[in-house]
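Biologist: I am new to this structure. Please walk me through the empty spaces inside, then the place where the chains meet.

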Amino acid sequence: MPKKSAKPTRPQVRATETSLSVATDPKGRVADRVTAMAEASMTICEDDQSFRAVINVLRDPKEPFEVRNAALQALGAAAFRVIEFAPCRSDYIATLRALAEDRDPTLRRRALGTLAREKDGYAQKKLIEGLKNPDVALVSPEKALQFLSYDPHAEAYAIAREFVKKPPNDEAKAEALRLLAADPKSAPLFEKVLRDKDELRDNRQLAASALYSLNPGKFQKHARAMLLDKSEFEDIQATSLTALAQFGDQEAVGKDEPLLKGIQKLGAKTRSAKYKKNARQFLARHGR
Amino acid sequence: MRNRSEAEFARLVDSLAADPHRRGELADLLREDHSWYEQRGTATIVRMRGWVLIALARTGVTDGTLLFILEELDNGVDAYLIAAAATALRAYPSPKAAFGPFLVNALQQIRYRDEPISFEAYGAYAMSGENTTAVRELVKTVAWLGPHARSVLPDLEALRSQSAGLSKELATALDQTLKAIKNNEVNEYGPAACCDLPSNLANKMSWLRNYRRSSRPIESAIFEDQDGTRFSFKEFFRGHPSIVVFFYTRCDNPLKCSLTVTKLGRIQKLIEQHGLDDRVNTAAITYDPDFDLPKRLRAYGRDRNVRMDARNRMLRATAGIDALARHFKLGINFIESLVNRHRIEAYVLDDEGRVAASFARLRWNEQEVIDRAVDLLRERDEEASSIDGSKHRAKGAPKKLALLGSIASVAVAFFPKCPICWAAYLSMFGIAGFNQIPYSPWLQPIFALVMAINLLSVWLRGWSTKRIIAPLIATTGALIILASRTVSGWEKLAVCGVLLTLAGSLLSAVTWRPRKSLAFFAKKSLMTG
């Protein structure tokens, strides 16, 4: 017999009712309300009145941030139970949209993050507007780029490329690169970042992973060149070695004498036991 | 069009809706490949198309726009577009039982992903729970159907019995609707009527052999399959009927690409069960060839039980999708290289790679697609047997005609000029009793006519086989016969004329080959495996 969703027992219902009345009582202590909100999260949608009360707490800017934040978390947890939460979803989405323009930056960021994961058109529109015009931005550019990267169909590639060219900070550039990792047109950009020794190592690692995904052939070519480049950083060479070992054309690699010698040298000169081991395993695989 | 703003688009839609003479243009704005949709994100396209549907809800829905509305209900997953489509459907002149399954389907799809909707202004997003929702609009439209929804009553009741997914208010509204449907005594819509769409509405199109678009413009287009093997369109798609579907791996609508490729896998199994797996090719072609590299194609096909071998492939066009989009007239648009909106589309190609049938917008039935492929095989077999039949008929004909023509030539050459000559000729055959045949001067023009027909047929055969030596010999012979009959003293040359005519006619008959014979035998051997 198919399992029915577990209905709360009578004492549990009473406990939940109590939790909800504590959580939504404006006169209660903040700490108690936060705890009660977490306790009530699984049953918020079972009763229209309780749900409405929690929504009202979340929407009310006069309520303490901690309680509103707890209400947002409780609703987020309840929303995971997709079937049970379905009758409440519409109000929840509307509330998140309203919250996206709240005065509190944390609530704004969390609401926009949740909406972005739902690929919500309103959130995407607001995030793009904010990237184009920082005066109306609801979150930092790096957060906006991160949220937009949840949906490859958002109109964000062109803006992200602009941010790679002129990033307001390192985080924004990294997020822009991460967003572009699914854009085949950006493969040449990743080649450039990958080979740029002045670029942040994290960005170069990110470029390596993106280029492998978008154009494995090109990546293998660059990985070989970087392994043979004596002035290249050791960690980048190690990444290249791992990539060649995992995804490279093993037949071609096995016949590539200069490359195998380069890996021998890397294994000999590195102080990292991990890199030594990787080089040894790679060479062993090709009979060295 | 990318430089034109969404506000301009909204004004255009409003002005078209306000002008009774231009309302028909709203349907054009629902084509995916419309330039208005180029280089825009999916969320923007949702706002734009949604606004067109809302305009239709105000102005009325015709049979021309109905398919776009049913498409959203059939395979849409966006709450705004589903709500707009449900609203627009109520502007169709009359409710129809055929709409019931679409509404039930949309309810099942969206009930766990419902959203607040605002139709107040272009691009408006609802910020409060007071607004309408997709489920609310669908329930309203079911109520509008009234007794016409009787055929889907069991589905609606099943939906209602699952308590989750509907708010109390919506559950009450649905209860009232169900009660109204049940209480209505009129039951003229039996189960058979449930799936009949209006007669002028179809998601499938077929073209007769002579009206199919040539595949020549894309014959040299290069494809790469799931294993990285490259070949041209001509190499894979010519010689067999093919079933082709379009998809892309980053599609986030499970009712479109993922389902389409899964159904292709089912088609392959059915083809195998019908014993047609060596006669029909299948292919799934990606809309996103820059991203969908062979490895991704293979994984996507494998995860959906698609058979991948020499006759069944997952493909990407190495030079991009543009040429294919033109050939297949794909319903698609892009933001950079990524698809921003597309319709469901499956095609059946004939053995020349031409589109013989297409299934677009609404979800298609696997068996229907196979049936069209079988029709094409039948069409090919019939064509082959017709060539075969004419070949057999033609086989003995030239030789018979050559013989008859040669006899006519002899007759013309030696036909007696008068009754006395006739008597003299016949006296030579008196022993056989031929002397009883009366002299008939009208026989001469008849023999001449038969000789002329023979000559014409020899020339036609020569023209067809590109060998004119036989007609030249026969013509020379005929001219000599004519000369021997008209120029005094040349009578003895008649024998020479007869021999040349005979030689030319027989040579023509021996060298006769139907022009299509090689192609026919090649096809025949492929057909029989």
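Biologist: By class, how many nonpolar, polar and charged residues are in the lining of the second largest cavity?

Modeller: This is a predicted model. The lining of the second largest cavity consists of Leu255(B), Leu259(B), Thr260(B), Lys263(B), Ile344(B), Arg363(B) and Trp364(B). Its volume is about 30 Å³. Sorted by class, the lining has four nonpolar, one polar and two charged residues.

Biologist: How many cavities of 30 Å³ or more does a search of the whole structure find?

Modeller: A general point comes before the count. Rolling a probe the size of a water molecule over the atoms shows where empty space is left. Searched this way, with 30 Å³ as the lower limit, the whole structure has two cavities.

Biologist: Which residues line the largest cavity?

Modeller: The space in the largest cavity is about 30 Å³. Its lining divides into two nonpolar, two polar and two charged residues. The residues are Gln268(B), Ile271(B), Asp277(B), Val280(B), Arg307(B) and Asn312(B).

Biologist: Turn to the pockets. Which residues lie closest to the centre of the second largest pocket?

Modeller: The second largest pocket holds about 870 Å³ of space. Its lining counts 42 residues. Closest to the centre are Lys119(A), Thr42(B), Val46(B), Val77(B) and Asp78(B).

Biologist: Which elements of chain A give two or more residues to that pocket's lining?

Modeller: By class, the lining of the second largest pocket has 16 nonpolar, 10 polar and 16 charged residues. Chain B contributes through H3, helix H4 (63–75), helix H5 (79–89), strand S1 (116–117), helix H11 (254–273) and S10. From chain A come helix H5 (82–99) and helix H7 (121–132).

Biologist: Now the interface. Which three residues supply the most of the area that chain B buries against chain A?

Modeller: The contact takes 38 residues from chain B and 35 residues from chain A. Together the two chains bury about 3,000 Å², with 53% of it on carbon and sulfur atoms. Of the area that chain B buries, 21% comes from three residues: Tyr112(B), Met127(B) and Glu336(B).

Biologist: With which residue does Arg161(A) form a salt bridge?

Modeller: Between chain B and chain A the count is three salt bridges. For Arg161(A), the closest N and O atoms of the pair are 2.4 Å apart, inside the 4 Å limit for a salt bridge. The partner is Glu336(B).

Biologist: Which element gives the most to the side of chain B that touches chain A?

Modeller: Across this interface, 15 residue pairs are in polar contact. On the chain B side, helix H3 (42–59), helix H12 (294–303) and strand S10 (338–342) each supply at least two residues. The side of chain B that touches chain A divides into 14 nonpolar, 10 polar and 14 charged residues. With four residues, the element that gives the most is H3(B).

Biologist: One last pair. How many residues apart are Asp91(A) and Arg52(A)?

Modeller: Over all chains, the structure holds 56 salt bridges. One of them joins the side chains of Asp91(A) and Arg52(A), at 2.4 Å from N to O. Asp91(A) sits in helix H5 of chain A and Arg52(A) in helix H3 (residues 48–59) of chain A. The pair links distant parts of the chain, and the separation is 39 residues.

Notes. Residues numbered from 1 in each chain as written. Chains lettered and ligands numbered in written order. Predicted model: local features only at pLDDT ≥ 70, side-chain atom pairs only at ≥ 80, totals over all residues. Heavy atoms only, no water. Contact = heavy atoms within 4.5 Å. Buried area = accessible area lost by both parts, 1.4 Å probe. Polar contact = N/O pair within 3.5 Å; in protein donor to acceptor, adjacent residues only side chain to side chain. Nonpolar A, V, L, I, M, F, W, Y, C, P; charged D, E, K, R; others polar. 1 Å grid on protein atoms, 1.4 Å probe; cavity = no way out; pocket = protein on both sides within 12 Å on 5 of 7 lines; lining within 4 Å. Points joined across faces, edges and corners; volume = space filled by probe spheres on them.
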